[in-house]
Structure formats: C-alpha cells, structure tokens
Amino acid sequence: MGDTTATPAMIDEAVSGLQAAITAFQNAQLLLNGLSVTSTLPKLWLIGQTAQLDVKGAYRTGAYVELSGVGFTFSSSNTAAATVDSSGVVTAVGYGTTVIQASAVIDGQTYAGQLTVQVVSPRDAYATIQAESADQVSGLSKYTTIIGNTTPQSWARYDNILFDPDVPNLFEARLAVPAAYAGKTIEVRLDSPTGALIGSLQVQDTGGWDSMAVQNVSLTNVPSVTGIHDVYLTFANGGTANIDWFRFDKPS
C-alpha cells in the first residue's frame, strides 16, 4: 500500500475546501426566502378600518431586513372584504376573508409574501350575550336557553367580542347554582382556554339548578382588553352552574 500520510499541502487543501463550504452555507442563509407582510391591526378587522402594510425581506434564517428603494406590487384575493392600494394601504370594506399579497422583483428574482385579513361583524361586549350562542363548547352541554352540565376543564367560546372604545371593569352573568356547588369558579379568559385571565367569578348558591340570579365580579388585567377578542368561559372545577346569559360592564 502507498503512503497515506497527509502532507501539509493536502491539509491546506482540505481546510480550504471546508472553509469554502462554510462560506457557501452562510451565504445561502443570507439569501432572501420571501417577504414578510404585517400590519398594525390584528387579524380581525372591522369595516372601515385601514392600515399601512409593513413589508420586509425574510431570510432563510428567520431574520428580516428592511428593503429600501424596492417597488412592491399589492393585490387582494377578495376585494369585497378588503382592498389594497398601490402604496400598501389596506381598507376593510365588507365582511369576509381575503389574502393580501405583496410581491417585488429583486436582482431579477421575484419574491412574495402574504397577510390574511378577516373582516368580522363583532358582538358588543356591553350587550347581553346569550350563553347558548357559544360558537364552540368543550366538555359541557348547550341547551335551548342555557349552557350547563359542565365538567372539569370544560369551556365555552364566544367569537368576535368587541370591547372598543371602552375597557370593561365588571363581568356579570345570570346563572343557577345549587348549594353543593357554591364556591366554584367561572374563569373569563381571552382568545384561548388558557389565555389571559381577566376575571374569576366565584359562584354563590341561588337555590338550585332552576333558580336563576345575577352575580358579578370585578375584572383584573383589563388594560389588555381592547379591540376584538374571543371570550372563553372556562370551568376548571366542573359542575359549576347553569348559565343563561352574561355581559360586561364599563365605568360610567
């Protein structure tokens, strides 16, 4: 067999090849992978709202870069819901969902990104919301005029509740609670069953499952309660109450 001892020249060549591979990999990571499209408004919009899109270059690493001097083209997949002008200003015009797309040609390569906008008809947080109107429930029952039969970790979700322009300070509900279940809690959370907790109503005995009374609790963590949110009533203890309706109140 021949001599397989690496010579300095062979080592230099191997190191040079490795360095070239590392440089090529690093350069590849710095190539644009697309565009990031965001706005100052959340995903849920109201008719008449407008916002300026913010478009950045998106690297493969997940980092973003400002693209100065680049001309963008904008389009809306559903102009009945929202339109976008040539400068990237989006206007919500009707209920529905649209995909706003931004594209640009950079160094001969076309890049694109998109933002989904949903224009909704909200429910007023300060009007009475019927409990049985829940958009989705888990671990409990919806009846004709109430929700009940709650189990541990059950919840009811109410979509698109509008808190603007006021911040709520009180949650109240009309409910029925037997003595055996007094002291259990209804948690009021935002946007998920484990989302921001803004209130915990410790229910009191009303005289039975069919005896309704209005009970309330002051809210906490309310600076975050602006705009449109999904509201969750969660029942960590189960067997809490039959609920007829609920609503929020605001400072007079």
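How many bridges join strand 18 to strand 21? Strand 18 and strand 21 run antiparallel and are joined by 4 bridges. The model is predicted, so local features need pLDDT of at least 70 and side-chain atom pairs count only at pLDDT 80 or more, while totals for chains, interfaces and linings use all residues. Residues are numbered from 1 along each chain as its sequence is written, and side-chain values use heavy atoms, with hydrogens and water left out.

**Strand 21 and its partners**

- Strands here are DSSP runs of type E with at least two residues, numbered from the N terminus, and two strands pair if DSSP finds at least two bridges between them.
- Arginine 189 stands opposite tyrosine 232 in strand 21.
- Strand 16 also pairs with strand 21, in the antiparallel sense and over 7 bridges; tryptophan 155 has threonine 234 in strand 21 as its bridge partner.
- Of the 8 residues of strand 21, 8 are buried (under 20% relative accessible area, against over 50% for exposed and in between for partly exposed, with a 1.4 Å probe and protein chains only).
- Ile228, Asp230, Tyr232 and Thr234 lie on one side of strand 21, with His229, Val231, Leu233 and Phe235 on the other, and both faces are covered.

**Nonpolar cores**

- A nonpolar core is a set of buried Ala, Val, Leu, Ile, Met, Phe, Trp, Tyr and Cys residues joined through side-chain atoms within 4.5 Å.
- The largest such core has 32 residues, and the members that touch the most others are Tyr158, Phe171, Leu175, Leu233, Ile243 and Phe248.
- At least two residues of this core come from each of strand 16 (154-162), strand 17 (170-176), strand 18 (185-190), strand 19 (196-202), strand 21 (228-235) and strand 22.
- Another core, of 23 residues, lies apart from it and has Leu32, Ala51, Phe74 and Val90 among its members.
- Beyond four places in sequence, leucine 233 is in contact with residues including Tyr158, Phe171, Ile186, Val188 and Ile243; contact means heavy atoms within 4.5 Å.

**Asparagine 242**

- Asparagine 242 belongs to strand 22 (residues 242-249) and counts as buried, at 12% relative accessibility.
- The side chain of asparagine 242 reaches the backbone oxygen of tryptophan 209 at 3.3 Å.
- Outside the four nearest places in sequence, the residues in contact with asparagine 242 include Ile146, Asn149, Arg174, Leu175, Trp209 and Met212.

**Two open sheets**

- One open sheet has 3 strands in the order 3-8-7, with antiparallel pairing.
- Strand 3 (50-52) and strand 7 (82-84) stand at the edges of this sheet with a single partner strand each, so one side of each has no neighbour in the sheet.
- Strand 3 and strand 8 (residues 89-92) run antiparallel and are joined by 3 bridges, with alanine 51 opposite valine 90.
- Another open sheet has 4 strands in the order 2-10-9-6, and its pairing is mixed.
- Strand 2 and strand 6 (73-76) are the edge strands of that sheet, and each has a single partner strand.
- Strand 6 pairs with strand 9 (residues 96-106) over 4 bridges in the antiparallel sense; threonine 73 has serine 103 in strand 9 as its bridge partner.

**Serine 39**

- Serine 39 lies in the loop between strand 1 (32-38) and strand 2 (44-45).
- Serine 39 has a relative accessible area of 18% and is therefore buried.
- Not counting residues up to four places away in sequence, serine 39 touches Trp45, Ala51, Gln52, Leu53 and Leu115.

Key
Polar contact = N/O pair within 3.5 Å; in protein donor to acceptor, adjacent residues only side chain to side chain.
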